[in-house]
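Visitor: Could you please walk me through this structure? I should like to begin with one residue and then move on to others.

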Amino acid sequence: MPPQRTKCARLHELVNLGLNNSEVVKVLGKLRAQPDLLDQPVSRSQLERASKSLYKNVGHEILLPSIGRAAPFVWEVGDLPKALKHFTHVSVEFKDMLADLHARHPYSPIMPWEICFYFDEAAPGAVIDLNNSRKLWCFYIPFRELGPSRLCMEGAWIPIAVLRTTECYNIKGGFSYCARVLLRHILMGPGNMRTDGVLLPISPPDGAALVFATFGNILCDYAACNAFWNSKTASALKPCFSCGNCAALDDDGHCSLAAHDPTGRTIDLSLIHI
């Protein structure tokens, strides 16, 4: 690859990570000043202790009814208000991002921020040798008001929970019930952002703001939407919950339901104006 294309590819990777050259130079300068940082071993037990310590600050337990087990399944998830407090405390970039959002969209119980409830299934491990028995559901929450320029960055998506796919089969109600309980905790649990708000240090100069947030939308692919809503979405005869008069097309491109509607109210999916 020519040098110019190599440089462009490297800059593109940095932009995708939300970084720039100056930040990389700072890291290299710190490593040059303290080379022993690279020699510090990090064991599995150290990572486990660090994760347990972090969970105490931002975690919450949800009890789910199990199938075939006397004790309920304890689902350890993140608490959104606690996570926001922790992230704004340890990350200057995250704090500045929310401060900028607050400047553009001031907090208000009447006009709160809107959260996006995103979830998808993933299989951790080597890409060329996936182990589907390790599949898990990953849940993330960003704020819709951040806009495309921020939502394209990984740091805007707050990891709120993970759940092994195999565990869903042992829970009464399956994945749909698990996702419902998690969303209910986020919006209606003790100290939630919808009714109580959360106090964050994002109002200049060095002031605090009481931030409110409510439900905005679900974001997922076809398989996840089918597992959550029990709906085939665009492949279903009734692809939209809100559009009661919308019907899907058949394999020949015709709307069979609309042809049998004497009122003429039923329309096909291609005629919807979003």
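Guide: Let us begin with Asn-192, which sits in the loop between helix H8 (174-188) and S6. Please note that this is a predicted model.

Visitor: Is Asn-192 buried or exposed?

Guide: Asn-192 counts as buried, because its relative accessibility is 5%, and the cut-off for buried is under 20%.

Visitor: Which backbone nitrogen does the side chain of Asn-192 reach at 2.9 Å?

Guide: The side chain of Asn-192 reaches the backbone nitrogen of Arg-194 at that distance. In addition, a polar atom of the Asn-192 side chain lies 2.9 Å from the backbone nitrogen of Thr-195.

Visitor: And what does Asn-192 touch, not counting residues up to four places away in sequence?

Guide: With those residues set aside, Asn-192 touches Ile-186, Leu-187 and Gly-197.

Visitor: Now a change of topic. How many aromatic pairs are there?

Guide: The count comes to 14 aromatic pairs. One of them is formed by Phe-119 and Phe-139, with 5.9 Å from centre to centre and 40 degrees between the planes, and this pair is tilted. The pair links distant parts of the chain: Phe-119 belongs to strand S3 (residues 113-122) and Phe-139 to strand S4 (residues 136-141), 20 residues apart.

Visitor: Are these two buried or exposed?

Guide: Phe-119 counts as buried because its relative accessibility is 0%. Phe-139 counts as buried as well, at 1%.

Visitor: Which residues form an aromatic cluster?

Guide: One aromatic cluster is formed by Trp-75, Phe-117, Phe-119, Trp-137, Phe-139, Phe-175 and Phe-228.

Visitor: What is Leu-163 in contact with, leaving aside its neighbours within four places in sequence?

Guide: Leu-163 is in contact with Phe-73, Trp-75, Leu-136, Trp-137, Phe-139, Cys-168 and Cys-178. Among these, Trp-75, Trp-137 and Phe-139 also belong to the aromatic cluster.

Visitor: Where is Leu-163 found?

Guide: Leu-163 is found in strand S5 (residues 158-164), and it counts as buried because its relative accessibility is 3%. Leu-163 and Glu-76 are 87 residues apart in sequence, while their C-alpha atoms are 8.9 Å apart in space.

Visitor: Let us turn to the surface. Which residues make a nonpolar surface patch?

Guide: Tyr-107, Leu-199 and Leu-210 make a nonpolar surface patch of about 260 Å². Of these, Leu-199 is found in strand S6 (residues 198-203).

Visitor: Why does Leu-199 count as partly exposed?

Guide: The reason is its relative accessibility of 49%, since partly exposed covers the range between under 20% and over 50%.

Key
Residues are numbered from 1 along each chain as its sequence is written. This is a predicted model: local features need pLDDT of at least 70, side-chain atom pairs count only at pLDDT 80 or more; totals for chains, interfaces and linings use all residues. Side-chain values use heavy atoms; hydrogens and water are left out. Rings of Phe, Tyr and Trp (its six-membered ring) pair if their centres lie within 6.5 Å; planes under 30 degrees apart count as stacked, over 60 as edge-to-face and the rest as tilted. Helices (H or I, at least four residues) and strands (E, at least two) are DSSP runs, numbered from the N terminus. Buried means under 20% relative accessible area, exposed over 50%, partly exposed in between (1.4 Å probe, protein chains only). Contact means heavy atoms within 4.5 Å. Patches are made of residues with over 30% relative accessible area and no salt bridge: like charges are joined within 9 Å, nonpolar side chains (Val, Leu, Ile, Met, Phe, Trp, Tyr) within 5 Å. Accessible areas come from the Shrake-Rupley method with a 1.4 Å probe; for residues, only the protein chains shown count as cover. A salt bridge is a side-chain nitrogen of Lys or Arg within 4 Å of a carboxyl oxygen of Asp or Glu. A polar contact is a pair of N or O atoms within 3.5 Å; within protein, one must be able to donate a hydrogen and the other to accept it, and residues adjacent in sequence count only if both atoms are side-chain atoms.
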